2 protein chains.
Amino acid sequence: MTRNNDIAIVPTELEAATLGAVWKNGPCTAYSIRQHFLRSPSPRWSGSAGAIYPLIRRLEDQGLVRATATARGKRRQRDYQLTRQGRAVLRRWVGQLSPDPATELVHDPLRTKIFFLDILTPRQAKTFVKNALEAVRNRLSSLQRDCDDNPVEKNRTAYFAARNALLITVARVEWLEEVLHGISDS
Amino acid sequence: MTRNNDIAIVPTELEAATLGAVWKNGPCTAYSIRQHFLRSPSPRWSGSAGAIYPLIRRLEDQGLVRATATARGKRRQRDYQLTRQGRAVLRRWVGQLSPDPATELVHDPLRTKIFFLDILTPRQAKTFVKNALEAVRNRLSSLQRDCDDNPVEKNRTAYFAARNALLITVARVEWLEEVLHGISDS
DNA sequence: CCGCTCATGTAACTGGTTACATGATTTA
DNA sequence: TAAATCATGTAACCAGTTACATGAGCGG
């Protein structure tokens, strides 16, 4: 099923993340990829079977992953690994700055809510911001732990990822503190 | 079409943002809502007709907005405004901290890429991070301008929203600088 | 042997997207 | 009078989601 223009394949973010997971975790089942997403500390995707199984079959059809059916006992099991084309596509996806505006500007759902904050009474608004601040603050310790658990020397990229989540969360906490302060004198 | 349990309606983020836009911009057409989204400095949605028109009709069916058909000349035009129930639903949506994990942790697509950075050669990795850093940095000035254009005294919530985008972007720049520094000695 | 985890998969749905289509009004 | 903008809408598609279904293997 190998296509002659593999390099032209532009995967979605989930497809790329799946290729990446297969690349990192060596030969592994679709099931273990699901667990990888399900247990992710920053759950971008649900890791639902309905997403992963059809997706990985598509990757196989495109020649980006190869499966080895290792039937242990009567239990069927397909172990996937990246093909050369798979690595090429992943490499291309990682190295290419996408034209998606989200690359330059991330979305914060709290921003949308705060934009309409005036529909609440000052009292309600204050309560909401306080609650939001508390919820976001409560994340800090576990994000800090994620950084500590992945020291730079041991796993650079995992550390960088954890660090990204932490720094952005710190920025949001500071922002919410500003908002709380800004609405207090009214 | 008014439901007796309006308060139970939980809108999507786009639905809530549409209610908010109608609330802020007074009686206005679906078209102007679209422009609102199209011209947004932080484009979360495309503002596509295929999204807005069916959506606002749904809101009307639910009794959250009311339309006045003001046919100027031969041109049909529906001007929407919030109903009491619409305001109630919007108020509820704004004031309620959603259980969505994104409330506590925002997603950064660059985080995913950096997580798989090791698939690139050190040289390629360095180039990529430099390019990403430049792209994100280039946003700073226009985000700063958005803040300046909406002074706190004049439009608090618009200022807060602009400030959110700026602070998160600053955090991302700092993060990318860390990453660049971290991969330079290798 | 009961319940949990491993492992694979499908069906129906959702909340959007792009692209297309129509026609009135305004502006250069 | 041609082009741009205002204004409304539909059809086909897309990348996910939840919920359901099946069955093997393993631990208490």
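**Note on the DNA surfaces and helix packing**

1. The largest contribution to the surface near DNA strand C is made by α3(A), with four residues. Here a residue is near a strand if one of its heavy atoms lies within 4 Å of it, and helices are DSSP runs (H or I, at least four residues; strands are E, at least two), numbered from the N terminus. This is a predicted model in which local features need pLDDT of at least 70 and side-chain atom pairs count only at pLDDT 80 or more, while totals for chains, interfaces and linings use all residues. Residues are numbered from 1 along each chain as its sequence is written, chains are lettered from A and ligands numbered from 1 in the order in which they are written, and side-chain values use heavy atoms, with hydrogens and water left out.

2. Both protein chains take part in the surroundings of strand C. α2 (30-38) and α3 (49-61) of chain A, and α3 (49-61) of chain B, each supply at least two residues of the surface near DNA strand C. Of the 24 residues around this strand, those that come nearest are Y31(A), R57(A), R75(A), S46(B) and K74(B). By class, the surface near DNA strand C has nine charged, eight polar and seven nonpolar residues. The classes are: Ala, Val, Leu, Ile, Met, Phe, Trp, Tyr, Cys and Pro nonpolar; Asp, Glu, Lys and Arg charged; the others, Gly among them, polar.

3. On the side of strand C, sugar or phosphate makes up 71% of the atoms within 4 Å of the protein, and the rest belong to bases. Polar contacts (pairs of N or O atoms within 3.5 Å; within protein, one must be able to donate a hydrogen and the other to accept it, and residues adjacent in sequence count only if both atoms are side-chain atoms) can be listed for this strand. A polar side-chain atom of R75(A) is 2.8 Å from a sugar or linking oxygen of DNA strand C. An N or O atom in the side chain of Q77(A) is 3.1 Å from a phosphate oxygen of DNA strand C, and a polar backbone atom of A30(A) is 3.4 Å from a phosphate oxygen of that strand.

4. For strand D, S46(A), K74(A), Y31(B), R57(B) and R75(B) come nearest among the 24 residues around it. Sugar and phosphate account for 69% of the atoms of DNA strand D that come within 4 Å of the protein. α3(B) gives the most to the surface near DNA strand D, four residues. The class counts for this surface are seven nonpolar, eight polar and nine charged.

5. R75(A) also has a polar side-chain atom 2.8 Å from a sugar or linking oxygen of DNA strand D. In chain B, an N or O atom in the side chain of Y53(B) is 3.3 Å from a phosphate oxygen of DNA strand D. A polar backbone atom of R78(B) is 2.9 Å from a phosphate oxygen of DNA strand D.

6. Turning to packing in chain B, α2(B) (residues 30-38) and α3(B) have axes 10 Å apart at an angle of about 135°. Axes are lines fitted to C-alpha atoms, for helices over the stretch in contact, and angles run from 0 to 180 degrees between N-to-C directions. The two helices α2(B) and α3(B) are therefore oblique to each other; angles under 35 degrees count as roughly parallel, over 145 as roughly antiparallel, 65 to 115 as roughly perpendicular and the rest as oblique. In the contact (heavy atoms within 4.5 Å), A30(B), Y31(B), R34(B) and F37(B) of α2(B) meet A49(B), I52(B), Y53(B) and I56(B) of α3(B). These residues divide into seven nonpolar, no polar and one charged.

7. Helix α1(B) (residues 13-24) and α3(B) have axes that come within 11 Å and cross at roughly 75°. α1(B) and α3(B) are therefore roughly perpendicular to each other. The contact of α1(B) with α3(B) has eight nonpolar, one polar and two charged residues.
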